[in-house]
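Hi everyone, thanks for coming. I'd like to walk you through one structure today, so please have a look at it with me.

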Amino acid sequence: RYDIVNGVIDVEDSKGEKEEESKKETSDAEKGVPEFWLTAMKNNEILAIQITERDEGALKFLKEIQCSRLESDKDEKGFKLEFFFNENLYFKNSVLTKIYYMEDENEPILERATGTEIDWLPGKNLTRKVMKKKPKKGAKSAKPVTKIEQCASFFNFFDPPKVPEDDDVDEDAAEEFQNVMERDYEIGSTIKDKLIPHAVSWFTGEARD
């Protein structure tokens, strides 16, 4: 699948057919299946709501997603998701990783999650937006106040909530943290159990039926 999606092998080659001479001259940029993973993700309801219009520009460079179990010899239980990207205009990382550490591999009890710190290129951070607000009345400066705020983005997936170190967390905060962790795990398990094994069906839309 990887070779076809990324143009290493053309669809005709995979069926054992010979290419015409003109097709051999096709550039690498024109080979493969354009926006394969972006399309597959957008066809999944749980993943689609995480993807903003701004995210799509970066996700077009996504060339592969892989899942693997954590090494048992290190006494770690859980799984790792790896997102492989072509060189792009958004960040320097070629691979973004999300790891879920489970208390019990046979039970969906999440201990914690970690993600890659994204090395954004200047002005390209999709998880932040610049807000300009009018100064308050009576302020010495009449210039708008610039403020950077976090915004919705699929790439927040790689910055999961941290487990509170303080045991004295109030009940409401603890419940909110639990809800965020559950939503985060739902996204990760959807990618692991549904998207990766049936990527072609999600790309074509058949998996939605």
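Let me start with a question: which residue in β3 does Phe-79 stand opposite? The partner is Tyr-100. Keep in mind as we go that this is a predicted model.

Now let's step back to the overall layout. The chain has eight helices and six strands. Reading from the N terminus, the order is α-α-α-α-α-α-β-β-β-β-β-β-α-α. Of the 209 residues in the chain, 31% are buried.

Back to the strands, then, and to β2, which covers residues 78–85. On one side of the pairing list we have β1, residues 62–69, which runs antiparallel to β2 and is joined to it by seven bridges. One pair to pick out on your screens is Gln-66 with its bridge partner Glu-82 in β2. Then there is β3, residues 95–104, also antiparallel to β2 and joined to it by seven bridges. That is where our opening pair, Phe-79 and Tyr-100, belongs.

So is β2 enclosed or in the open? Six of its eight residues are buried, with buried meaning under 20% relative accessible area, and therefore β2 is largely enclosed by the rest of the structure.

Now set that beside β6, residues 145–150. None of the six residues of β6 is buried, so this strand lies largely in the open. β6 does have a partner: six bridges join it to β5, residues 128–133, and the two run antiparallel. If you want a pair to look for, Lys-129 has Glu-149 in β6 as its bridge partner.

Next, the surface. Which residues gather in a patch of negative charge there? They are Asp-170, Glu-171, Asp-172 and Glu-175. Glu-175 sits in helix α7, which spans residues 171–195. Its relative accessibility is 48%, so Glu-175 counts as partly exposed, a class that ends at 50%.

One last stop, for those of you who like backbone torsions. Most residues other than glycine have a negative phi. Glu-35 is not a glycine, yet its phi is positive, at about 55 degrees. Where does Glu-35 lie? You'll find Glu-35 in the loop between α3 (21–24) and α4 (36–42). With a relative accessible area of 34%, Glu-35 is partly exposed, because that value falls between the 20% and 50% cut-offs.

That's my tour. Thanks for listening, and I'm happy to go back to any of these spots with you.

Note on methods: Residues are numbered from 1 along each chain as its sequence is written. This is a predicted model: local features need pLDDT of at least 70, side-chain atom pairs count only at pLDDT 80 or more; totals for chains, interfaces and linings use all residues. Side-chain values use heavy atoms; hydrogens and water are left out. Helices (H or I, at least four residues) and strands (E, at least two) are DSSP runs, numbered from the N terminus. Buried means under 20% relative accessible area, exposed over 50%, partly exposed in between (1.4 Å probe, protein chains only). Patches are made of residues with over 30% relative accessible area and no salt bridge: like charges are joined within 9 Å, nonpolar side chains (Val, Leu, Ile, Met, Phe, Trp, Tyr) within 5 Å. Accessible areas come from the Shrake-Rupley method with a 1.4 Å probe; for residues, only the protein chains shown count as cover. A salt bridge is a side-chain nitrogen of Lys or Arg within 4 Å of a carboxyl oxygen of Asp or Glu. Lys and Arg count as positive and Asp and Glu as negative; His and the chain ends are not counted. The place of a charge is taken as NZ of Lys, CZ of Arg, CG of Asp or CD of Glu. Two strands pair if DSSP finds at least two bridges between them.
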